[in-house]
Amino acid sequence: MFNFLKSNSASGVGKISGQDAVGQSQAGALTIIDVREHGEVSKTGKAKGALHIPLATLQFQTDSRNPDFHPELDTAKPVAIYCASGARSHMAAGIMLKQGFSEVSNLGNLGNWTSGGGEVVR
């Protein structure tokens, strides 16, 4: 009961700061995923180096048994996900944990990436 009151760590989804995400991504130790819709990304751009996998297609593109599995993903490599507010990225992180990804963190939103020193590309 009251599962909605559980913290991110209780669900297995970690939280990562923008600065940590930028540093780890630049070192090649972290995959960044933007789960916003195409229209959102076209308006604001996306984190440099991030994969764009809209939440609507995430389940297919993160299932290593599915022919639509994204070729740049590795279930053993840490992943950080962001969206517009952090809600969709939290849902996406839960999906990815169920798909067998070993370490998944919620970055929150694109603003967290930029406040951590990350570049945005259009």
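A residue is called buried here when its relative accessible area is under 20%, exposed when that area is over 50%, and partly exposed in between, with a 1.4 Å probe and protein chains only. By this criterion Ala80 is buried, with a relative accessible area of 0%. Ala80 lies in strand β5, and that strand serves as the starting point for this account. The structure is a predicted model, in which local features need pLDDT of at least 70, side-chain atom pairs count only at pLDDT 80 or more, and totals for chains, interfaces and linings use all residues. Residues are numbered from 1 along each chain as its sequence is written, and side-chain values use heavy atoms, with hydrogens and water left out.

The overall architecture comes first. The protein chain contains 5 helices and 7 strands, where helices (H or I, at least four residues) and strands (E, at least two) are DSSP runs numbered from the N terminus. Along the sequence these elements follow the pattern β-α-β-α-β-β-α-β-α-β-α-β. The radius of gyration is 13 Å, close to the 14 Å that the globule rule gives for 122 residues, so the protein chain is as compact as a globular protein of that length. That radius is taken over C-alpha atoms, and the globule rule is 2.2 Å times the number of residues to the power 0.38. Along the principal axes, the C-alpha atoms fill a box of roughly 40 × 35 × 30 Å. Of the 122 residues in the protein chain, 42% are buried.

The central feature for this account is an open sheet of 5 strands in the order β1-β6-β5-β2-β4, with parallel pairing. Strands β1 (14-15) and β4 (51-52) stand at the edges with a single partner strand each, so one side of each is left without a neighbour in the sheet. Two strands are taken to pair if DSSP finds at least two bridges between them.

The pairings can be followed across the sheet from β1. Strands β1 and β6 are parallel and share 2 bridges; Gly14 has Ser105 as its bridge partner in β6, and Lys15 has Asn106. Strand β6 (residues 104-109) is joined in turn to β5 by 5 bridges, again in the parallel sense. Within this pairing, Val79 is partnered by Val104, and Tyr82 stands opposite Gly108. Between these two strands the chain passes from β5 through helix α4 (residues 87-98) to β6, in a right-handed β-α-β crossover. Right-handed means that, with the strands pointing away from the viewer, the path from the first strand over the helix to the second runs clockwise.

On the other side of β5, strand β2 (residues 31-34) pairs with β5 in the parallel sense over 4 bridges. Thr31 is matched with Val79, and Asp34 with Tyr82. Strand β2 is also joined to β4 by 2 bridges, the two running parallel, with Ile33 opposite Leu51.

In a regular strand the side chains alternate between the two faces of the sheet. In β5, both faces are covered: Val79, Ile81 and Cys83 on one side and Ala80 and Tyr82 on the other are all buried. With 5 of its 5 residues (79-83) buried, β5 is largely enclosed by the rest of the structure. Strand β2 is likewise covered on both faces, with Thr31 and Ile33 buried on one side and Ile32 and Asp34 on the other. In β6, 5 of the 6 residues are buried.

The two nonpolar cores complete the picture. Such a core is a set of buried Ala, Val, Leu, Ile, Met, Phe, Trp, Tyr and Cys residues joined through side-chain atoms within 4.5 Å. The largest has 16 residues, of which Ile33, Val35, Leu58, Ile81 and Met96 touch the most other members. Helices α3 (55-61) and α4, together with β5, are the elements that give two or more residues to this core. A second, separate core of 12 residues includes Ile16, Leu30, Ile32 and Trp113.

Contacts, meaning heavy atoms within 4.5 Å, describe the surroundings of two successive residues of β5. Apart from neighbours within four places in sequence, Ile81 has contacts that include Ile33, Val35, Ala92, Met96 and Leu107. On the same basis, Ala80 is in contact with Ile16, Leu30, Thr31, Ile32, Ile33, Ser105 and Leu107.
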